[in-house]
Amino acid sequence: MAQMNYHTFENFSALTEALSQQWLTIIETTPDSSSFALAGGSTPAPIYQRLDELLANSGTKNPVKLVATDERWVSDADQQSNEGLFRRCLHTSALNKSWKLVSLKNASSSPEVATDAIDDRLQIQLPRPFSAVLLGMGADGHIASLFPGAPTQHDHLTCLAAVHPQTRQSRMSLSLPRLLSTERIWLVITGAEKRQVLDNAFNGDLPVAALLREASCTIDVFWCP
Ligand code: 6PG
């Protein structure tokens, strides 16, 4: 069971500043490569943009690796792409210098076809626990692309193919065990509805409940109304 710390903010700007500063400190104090798994979706972009600004001013050259917690099976140029989101938000300082984005995609026609190759890539390029995993959460309690009622792992692979239950969009997701192999988890949610889902989740069968029960690291919940 995870140690849960709740950080409540008046607004998303204050949440962004607090998390970005903590994130920058981890990067600046980790001379060998720190690594992060980052959520996509509509919430975290301001956090990535603020970190990019802070990095530009900090001058740190410490190497960083990042990977999406999940990716939609679309081109980087597609507005739906999480990796494309990272490239847009982290363009000033991060992804042009000492950062490396480990992609969850390849030229395969579908995530199902790609899982073994992407698993090999993740095992080789991200062999150690993450420094941090930044997760969002859907109002249905999904995290990454681990949706209610769907598998959270395929064999012992670090990734698995998934399908969004409403849009039927093909996704590649990190598995729950790979997401849990991290020094810390930041769960970034906004609004009363998601907070209620999280507060009621622990004994249930939602994907976020499995995260809370199985995490051995601290989970810092960053929340604002
Ligand atoms: C994605 C994310 C996903 C997201 C939740 C919350 O690719 O969409 O990784 O897990 O974090 O769906 O999304 P919002 O932040 O848009 O509410």
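**Notebook: sheets, rings and two buried loop residues**

I began with the β7/β8 hairpin, in which six residues lie between the two strands. In its turn I noted R168, whose phi is positive at about 65 degrees. I record here that the model is a predicted one.

**Entry 1. The three-stranded sheet**

I looked up how the hairpin strands are joined. β7 and β8 (residues 170-174) run antiparallel and are connected by five bridges. I located V163 opposite S170 of β8, and I found A162 bridged to R171 in that strand.

I then asked which sheet these strands belong to, and in what order its strands lie. The answer is an open sheet of three strands, ordered β4-β8-β7 and paired in antiparallel fashion. Its edges are β4 (70-72) and β7 (159-163), each of which pairs on one side only. I computed an average twist of 25 degrees from one strand to the next.

On the other side of the order, I counted three bridges between β4 and β8, again with antiparallel direction. D70 has S173 as its bridge partner in β8.

Is β8 enclosed or open to the outside? I found four of its five residues buried, so β8 is largely enclosed by the rest of the structure. I also noted helix α4 (residues 111-125), which lies across β7 and β8 and runs at about 150 degrees to β7.

**Entry 2. T69, just before β4**

I turned to T69, placed in the loop between β3 (64-68) and β4. Its relative accessibility is 0%, and buried means under 20%, so I class T69 as buried.

I searched for polar partners and found the side chain of T69 in polar contact with the side chain of D70, at 2.7 Å. I also listed the contacts of T69, leaving aside neighbours within four places in sequence. Among them are A37, L38 and A39, as well as L104, V133, L134 and L135. The list also includes S173 and L174, and I recall that S173 is the bridge partner of D70.

**Entry 3. The seven-stranded sheet**

I looked up the second sheet next. It is open, has seven strands in the order β1-β10-β9-β6-β2-β3-β5, and is paired in parallel. I identified β1 (3-8) and β5 (99-102) as the edge strands, each pairing on one side only. The twist averages 20 degrees from one strand to the next.

I checked one pairing within this order in detail. Strand β6 (residues 132-135) is joined to strand β9 (residues 184-190) by three bridges, and the two run parallel. L134 has W186 as its bridge partner in β9. Helix α3 (residues 82-89) packs on the sheet, where I found it touching β2, β3 and β5. Its direction makes about 140 degrees with that of β3.

**Entry 4. S81, ahead of α3**

I placed S81 in the loop between β4 and α3. Is S81 buried or exposed? At 1% relative accessibility I count S81 as buried.

Which side chain does the side chain of S81 contact through polar atoms? I found that of E71, at 2.8 Å. I also noted that a polar atom of the S81 side chain lies 2.8 Å from the backbone nitrogen of G84. Not counting residues up to four places away in sequence, S81 touches E71, V74, S75, D76, R88 and K105.

**Entry 5. Aromatic rings and charges over rings**

I counted six aromatic pairs. For W23 and F36 I recorded ring centres 5.4 Å apart and planes at 55 degrees; the pair is tilted because that angle is neither under 30 nor over 60 degrees. The two residues are 13 apart in the chain, with W23 in helix α1 (residues 12-28) and F36 in strand β2 (residues 34-38). I found both W23 and F36 buried.

I then followed the ring pairs outward from these residues. They link W23, F36, Y48, F86 and W186 into a cluster. W186 is the residue I had met as the bridge partner of L134.

Finally I looked for charges placed over rings. I found the charged end of R178 over the ring of F130, 3.9 Å from its centre. R195 lies over the face of W223, at 5.3 Å from the ring centre.

Notes
Residues are numbered from 1 along each chain as its sequence is written. This is a predicted model: local features need pLDDT of at least 70, side-chain atom pairs count only at pLDDT 80 or more; totals for chains, interfaces and linings use all residues. Side-chain values use heavy atoms; hydrogens and water are left out. Two strands pair if DSSP finds at least two bridges between them. Axes are lines fitted to C-alpha atoms, for helices over the stretch in contact, and angles run from 0 to 180 degrees between N-to-C directions. Contact means heavy atoms within 4.5 Å. Rings of Phe, Tyr and Trp (its six-membered ring) pair if their centres lie within 6.5 Å; planes under 30 degrees apart count as stacked, over 60 as edge-to-face and the rest as tilted. Buried means under 20% relative accessible area, exposed over 50%, partly exposed in between (1.4 Å probe, protein chains only). A charge sits over a ring if NZ of Lys or CZ of Arg is within 6 Å of the ring centre and within 35 degrees of the ring normal. A polar contact is a pair of N or O atoms within 3.5 Å; within protein, one must be able to donate a hydrogen and the other to accept it, and residues adjacent in sequence count only if both atoms are side-chain atoms.
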